[in-house]
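Please open the model in your viewer and keep the sequence beside it, since this tour moves from one selection to the next and says what is to be found at each stop.

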Amino acid sequence: MRLDKFLKNSRLIKRRTLAKEVADQGRITINGKVVKASSPVKVGDELAIRLGQKIVTVRVEELKDIVRKEEAANMFTILKEEKVEKIEPEFIDDEE
């Protein structure tokens with residue numbers, strides 16, 4: 001199953017287009033590797049998703065094409081959630 005479809009079906013991200021945008025920005029990894037929205041997801045994969053000021057790490061438990069709201073949480077297990085400090089841009093000092 002495609003990554004963007006898994007994120008939508010599991011309700012980790014509400015819309016597939018938003019899941020695609022997040023992936024295209026390089027904010028999602030599968031087993032430590034930065035991936036695209038079209039990347040395949042398999043049972044047992046670990047996804048790390050940066051959403052705002054936190055990184056959510058989940059393990060894929062099952063893949064389903066049609067999922068009811070009550071069953072969506074069964075598709076993954078949250079392994080950890082960590083807050084990320086806001087990264088300030090570095091300013092370049094032009095003076096020599």
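Begin by selecting Ile-30 and Leu-47, for Leu-47 in E3 is the bridge partner of Ile-30. Three bridges join E1 to E3, and these strands run antiparallel; strands here are DSSP runs of type E with at least two residues, helices are runs of type H or I with at least four, and both are numbered from the N terminus. Before going on, bear in mind that this is a predicted model, in which local features need pLDDT of at least 70 and side-chain atom pairs count only at pLDDT 80 or more, while totals for chains, interfaces and linings use all residues. Residues are numbered from 1 along each chain as its sequence is written, and side-chain values use heavy atoms, with hydrogens and water left out.

Next, colour the strands and look at the whole sheet. In which order do its five strands lie? The order is E2-E1-E3-E4-E5 in an open sheet with antiparallel pairing, where two strands pair if DSSP finds at least two bridges between them. At the edges you will find strand E2 (33-34) and strand E5 (76-83), each of which pairs on one side only. Adding the helices gives two helices and five strands in total, which follow the pattern α-α-β-β-β-β-β along the sequence.

Now select Leu-3, Phe-6, Leu-7, Ile-28, Ile-30, Val-41 and Leu-47, the residues with the most contacts inside the largest nonpolar core, which has 21 residues. Helix H1 (3-9), helix H2 (16-24), strand E1 (28-30), strand E3 (46-51) and strand E4 (54-60) each supply at least two residues of this core. Such a core is a set of buried Ala, Val, Leu, Ile, Met, Phe, Trp, Tyr and Cys residues joined through side-chain atoms within 4.5 Å.

Stay with Val-41 and show its surroundings: leaving aside neighbours within four places in sequence, Val-41 is in contact (heavy atoms within 4.5 Å) with Met-1, Arg-2, Leu-3, Phe-6, Ile-30, Val-60 and Leu-63.

For the last stop, move to Val-58, which lies in strand E4. Is Val-58 buried or exposed? Val-58 counts as buried because its relative accessibility is 0%, buried meaning under 20% relative accessible area, exposed over 50% and partly exposed in between, with a 1.4 Å probe and protein chains only. Not counting residues up to four places away in sequence, Val-58 touches Leu-12, Asp-45, Glu-46, Leu-47, Phe-76, Thr-77, Ile-78 and Leu-79.
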